[in-house]
Amino acid sequence: MPDDDFLRSTLRDQWHLLPSEMIELPLTMLSRGWEFVAGAVTYVARLVEASARHRMEAGLAVAMHLRGHRIDAGEPVRTLGGALTVATPHGALAVLRRIPGRRLDGRDPVDQQWWGERLGAVHRALQGFRHPGLRPWQPLDLDGSHLDAEPWLRKTVTAAITAATRLTVTDHLTSGVLHGDPAPEMFVLDPATGRSGLLYCGAGGTGPLVHDVAAAVAYAGGAEHAGEFLDGYLASGPVGADEMEAALPVLLRLRWALQADLAARHDCPHGLGKAREALEAMPG
């Protein structure tokens, strides 16, 4: 991963930004982030794998769309050459102006309400949004040799994908633009104004919106710990309660399978163990 000096030199050369302080943000599934101050402005830098560059640029376009619909979102900052992202040896890097507010705490019931409400509002605002960087939702390629890392892994991931595919065939699921990685730290609340917003959207393609909900529920520690989040989402989002009840368990299992796949792909025993524990704890 990039060190502090590499990040500072890239920000200086590509954006002419000179950070006075920089902190790494909590790790999420699809990207790494840093918050830094340059001059009197606070920014967020996000780094994704090189293969996800177009998806990241779609996410930056999503942010601009949301801002046009009165939903607070981090404002993309173009490079000196006018690009939205920069290719580096460590992946694709983007910079956004940070919107004011504190990051939400996924364990706090009140924050969960804000979290669910904002994700629902984002889903609703993005209905009909199109961008060439958005690809149709495709859970996983089951041919990867990394799925042989543990005896249980390939069978478990295959079962989760099969169940999710069957669900999308038999049920009419509400689809749209996926955030992809809606961790609570991606959302903020400004106590001074009472406004909540989105720091960053990775734009995980297009697909069943309940997949985003399942990702958030996984961050909350499971459905039994995410009641307030789900209430907030159902009050503002386009997915109804009946669809949520039918689809959430299946797509939550898929989310943990995706995390197991990612951990195996990056040779992360801790992440693999955490995903296996979560999968084994799920009913069915």
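Which residues touch the most other members of the largest nonpolar core? I started my notebook with that one. Leu66, Phe229 and Leu251 do, out of a core of 76 residues. I should write down early that this is a predicted model.

**Entry 1: the cores**

I then checked which element feeds this core the most, and it was helix 7, residues 241-265, with 12 residues. Apart from the big core there is another one, made of 15 residues. I noted a few of its members, including Leu17, Leu47, Val86 and Leu93. My course notes say that nonpolar side chains tend to be buried together in soluble globular proteins.

I picked Leu66 for a closer look. Leaving out residues up to four places away in sequence, Leu66 touches Ile71, Ala73, Val122, Ala125, Leu126 and Leu198.

**Entry 2: the whole chain**

I stepped back and counted elements: the chain has 8 helices and 12 strands. Its radius of gyration is 18 Å, and the globule rule gives 19 Å for 284 residues, so the chain is as compact as a globular protein of that length. Along the principal axes, I found that the C-alpha trace spans about 55 × 40 × 35 Å.

How much of the chain is buried? I got 52% of the 284 residues. For the outside, the accessible surface comes to about 13300 Å², and carbon and sulfur atoms own 52% of that.

I also looked at how far apart in sequence the contact partners sit. Taking contacts between residues at least 6 apart, 69% join residues at least 24 apart. Then I did the charges: there are 27 positive and 34 negative side chains. The centres of those two sets lie 5 Å apart.

**Entry 3: helix 5**

Is helix 5 mostly covered or mostly open? Mostly covered: the helix runs over residues 210-220, and 10 of its 11 residues are buried. I wrote out the buried ones: Val210, His211, Asp212, Val213, Ala214, Ala215, Ala216, Val217, Ala218 and Ala220. His211 and Asp212 are on that list too, which I hadn't expected to be writing down.

What does the covering? I found that the cover includes helix 3 (109-125), strand 9 (175-177), strand 12 (206-208), helix 6 (227-236) and helix 7. Helix 7 was also the top contributor to the big core in my first entry. Right after helix 5 comes Gly221, with a positive phi near 100°.

**Entry 4: positive phi without glycine**

I went looking for residues with a positive phi that are not glycines. Arg70 is one of them, at about 60°. Arg70 sits in the loop between helix 2 (53-68) and strand 4 (72-73). Its relative accessibility is 75%, so Arg70 counts as exposed, the cut-off being over 50%.

Asp267 is not a glycine either, and its phi is positive at about 55°. I found Asp267 in the loop between helix 7 and helix 8 (269-281). At 67% relative accessibility, Asp267 counts as exposed.

**Entry 5: Phe187**

Is Phe187 buried or exposed? Phe187 belongs to strand 10, and at 0% relative accessibility it counts as buried. I listed what Phe187 touches, skipping residues up to four places away: Arg102, Arg103, Leu104, Trp115, Arg118, Leu119, Pro182, Gly197 and Leu198. Leu198 was already in my notes as a contact of Leu66.

I also took a distance: the C-alpha atoms of Phe187 and Trp114 are 8.6 Å apart in space, with their positions 73 residues apart in sequence.

**Entry 6: two loop residues**

Gly194 lies in the loop between strand 10 (187-190) and strand 11 (195-198). With 36% relative accessibility, Gly194 counts as partly exposed. Beyond its neighbours within four places, Gly194 is in contact with Trp114 and Leu189. Its C-alpha is separated by 9.1 Å from that of Gly101, which is 93 residues away along the chain.

Where is Asp105? I found Asp105 in the loop between strand 8 (102-103) and helix 3. Asp105 is partly exposed, at 30% relative accessible area. Setting aside neighbours within four places, Asp105 is in contact with Asp111, Gln112 and Pro184. Last one for today: Asp105 and Trp115 are 10 residues apart in sequence, and their C-alpha atoms are 8.8 Å apart.

How values were computed. Residues are numbered from 1 along each chain as its sequence is written. This is a predicted model: local features need pLDDT of at least 70, side-chain atom pairs count only at pLDDT 80 or more; totals for chains, interfaces and linings use all residues. Side-chain values use heavy atoms; hydrogens and water are left out. A nonpolar core is a set of buried Ala, Val, Leu, Ile, Met, Phe, Trp, Tyr and Cys residues joined through side-chain atoms within 4.5 Å. Buried means under 20% relative accessible area, exposed over 50%, partly exposed in between (1.4 Å probe, protein chains only). Helices (H or I, at least four residues) and strands (E, at least two) are DSSP runs, numbered from the N terminus. Contact means heavy atoms within 4.5 Å. The radius of gyration is taken over C-alpha atoms; the globule rule is 2.2 Å times the number of residues to the power 0.38. Accessible areas come from the Shrake-Rupley method with a 1.4 Å probe; for residues, only the protein chains shown count as cover. Lys and Arg count as positive and Asp and Glu as negative; His and the chain ends are not counted. The place of a charge is taken as NZ of Lys, CZ of Arg, CG of Asp or CD of Glu.
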